[in-house]
Amino acid sequence: MTLAEELAQRIVSLRFDELPGEAIAAAKAGLLDTLGVALVGQNEDATRTAASLLLADATHGPSLIFGTTTRASPLAAAFINGMAANVLDYDDCNASLGGHPSAPILGAVVALAEQVYASGRQVLAAYIAGVETAAKIGRGVNDYHYEHGWHPTSTLGVFGVAAACAHLLGLSREETAIALAIAASHAAGIKANFGTATKSLHIGNCARNGMMAALLAERGFTAAVDAFEHKQGFLRVYNGVGNFDAARILERWAQPLDIVMPGIQVKQHPCCLSVQSAVDAMIALAKEDDLNAPQVARIDAAIHGRRLEHTDRPAPDSGIDAMLSLQYCLARALIGRQIALADFKGDAHREPSVCDLMKRIQVRAHPDSDKSEHNDFFAEIAVTTHDGAEHRIRIDRPVGHEPGEPLPLPLLKAKFRACASRVLPAGNIGSVIDLVLQCDRLNSIRAITDQLCAPLALALAG
């Protein structure tokens, strides 16, 4: 069998009744977190612009644009909700994938589930199958794929979306293999566009195109089932000969499920994953040693070289750019002892006190970067004050990112409430939390999406 066929056999064999409890709990956590960040991301300029284009001629369909009263086709809803979930860079992560699994997969799955009246169990199983597919492909192509400049959330996520939608639709092994092969021609996204609206556009395209691959396969569309291993197929074209390990994609499938180990990591700060440890370190140091900006003569920050490549941004020119700026996020973490969504709005990145502090921040690749095979999340911070004192701290992983140790439920709920409160009526927020946590007992996913309606006005062209 080809790799697509091998993957398809595993995808169609995944059954909800055979899933471990920790996988179901992780899927519920991922669903709750993704709904929260998608809600708050709907009113971002990038999302509104894309929505105005996609919904200009068609605002009728079965699938809700989260946080609005607008329903559209599943393909349009997948694009908009997937993009909204990623636009603030506040969505969850997975180490095997090297990116954000849930925004594109759930953006698509929930939209499609509304059309086919899927149950909560069907949605959770499809989501888990999608994460497993994208993550295991990630194991076979990373870290080269990530370091070469591809954006794995979209280039690998499209396979996860196709797998999840194929599972939700109940496609056969043959149809699922075709869906994966179609998805191979939709894999796209380059890291050069990080720091711009196009980064989240990748995720919208990924959600829509992965769903389209499954829907086309359901309708008898054709594709080459050797699209992965062909001499001009995905693995060789995207990674090059010698830069991937196809065997790793299939080994240890669901043993354990990637959604459990290393798991999906829920962010505590609305900024790039690569700066999360540094932010945690700065906040901890500021609180423990009672530091403030006027005291500081210099800040030295060292993170993994792989992480520094796209976060060394000493003068961010927009809120989106600032989300990836190590210097900006460190300055905000010291000044506010937290990172808030408001720190990336309007001209917040131009505030004089923040810009002044950024000039005193020096960043570099940690000398141990090449030795850290299993953890590239660490950060070391040294703060030198004007009196000559030096304050140091090292953090190996951000809060909630230790493999197999998910973010505690109270913190997850608090994050959802903080996001959803910007969009939903107060009475709906608790209902969504309760419904997601009992998702496996819902006959229809619409029980949740009905609570996500709100009169947020998307800017529609017309």
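Trainee: How many positive and negative side chains does the protein have, and how far apart do the centres of the two sets lie?

Mentor: There are 40 positive and 50 negative side chains, and the two centres lie 2 Å apart. Lys and Arg count as positive and Asp and Glu as negative, while His and the chain ends are not counted. Each charge is placed at NZ of Lys, CZ of Arg, CG of Asp or CD of Glu.

Trainee: What should I know about the model itself?

Mentor: It's a predicted model: local features need pLDDT of at least 70, side-chain atom pairs count only at pLDDT 80 or more, and totals for chains, interfaces and linings use all residues. Residues are numbered from 1 along each chain as its sequence is written, and side-chain values use heavy atoms, with hydrogens and water left out.

Trainee: What does the secondary structure of the protein come to?

Mentor: It adds up to 22 helices and 6 strands. Those are DSSP runs numbered from the N terminus: helices are H or I with at least four residues, strands are E with at least two.

Trainee: Why is the protein called as compact as a globular protein of its length?

Mentor: Set its radius of gyration, 21 Å, against the 23 Å that the globule rule gives for 462 residues: the two are close, so the label fits. The radius is taken over C-alpha atoms, and the rule is 2.2 Å times the number of residues to the power 0.38. Along the principal axes, the C-alpha trace spans about 70 × 50 × 40 Å.

Trainee: What share of the residues is buried?

Mentor: Buried residues make up 61% of the 462. Buried means under 20% relative accessible area, exposed means over 50%, and partly exposed is in between (1.4 Å probe, protein chains only). As for the surface, the protein exposes about 17,100 Å², and carbon and sulfur atoms supply 50% of that. Those areas come from the Shrake-Rupley method with a 1.4 Å probe, and for residues only the protein chains shown count as cover.

Trainee: How do you know that cysteine 206 has no bond to cysteine 165?

Mentor: A disulfide is a pair of cysteine sulfur atoms within 2.5 Å. The closest cysteine sulfur to that of cysteine 206 is in cysteine 165, at 9.9 Å, so it's too far for a bond. Cysteine 206 has a relative accessible area of 3%, so it's buried.

Trainee: What about the sulfur of cysteine 329?

Mentor: Its closest partner, the sulfur of cysteine 271, is 4.0 Å away, so that's too far as well. Cysteine 329 is buried, at 0% relative accessible area. The disulfide count comes to 0.

Trainee: What makes valine 37 buried?

Mentor: Its relative accessibility is 1%, so it counts as buried. Valine 37 is found in helix α2. Leaving out residues up to four places away in sequence, it touches Ala84, Ala85, Tyr90, Asp91, Lys415 and Cys419. Contact here means heavy atoms within 4.5 Å. The C-alpha atoms of valine 37 and alanine 103 are 8.9 Å apart, with their places 66 residues apart along the chain.

Trainee: Why is glutamate 218 called partly exposed?

Mentor: Its relative accessible area is 34%, so it takes the in-between label. Glutamate 218 lies in helix α11 and is in contact with Leu169, Leu171 and Glu175, leaving aside neighbours within four places in sequence.

Trainee: Which helices do the buried residues of α3 pack against?

Mentor: They pack against α2 (21-41), α4 (74-86) and α11 (197-218). The buried residues of α3 (residues 45-54) are Ala46, Thr47, Ala50, Ala51 and Ser52.

Trainee: What is special about the phi of alanine 254?

Mentor: It's positive, about 60°, although alanine 254 is not a glycine. Alanine 254 sits in the loop between α13 and α14, and a relative accessible area of 32% makes it partly exposed. Arginine 337 also has a positive phi, about 55°, without being a glycine. Arginine 337 has 28% relative accessibility, so it counts as partly exposed.

Trainee: Where is the peptide bond to proline 256 cis, and with what omega?

Mentor: It runs from glutamine 255 to proline 256, with omega near -5°. Proline 256 is found in the loop between α13 (246-250) and α14 (259-263). Another cis bond joins asparagine 142 to aspartate 143, with omega near 15°.
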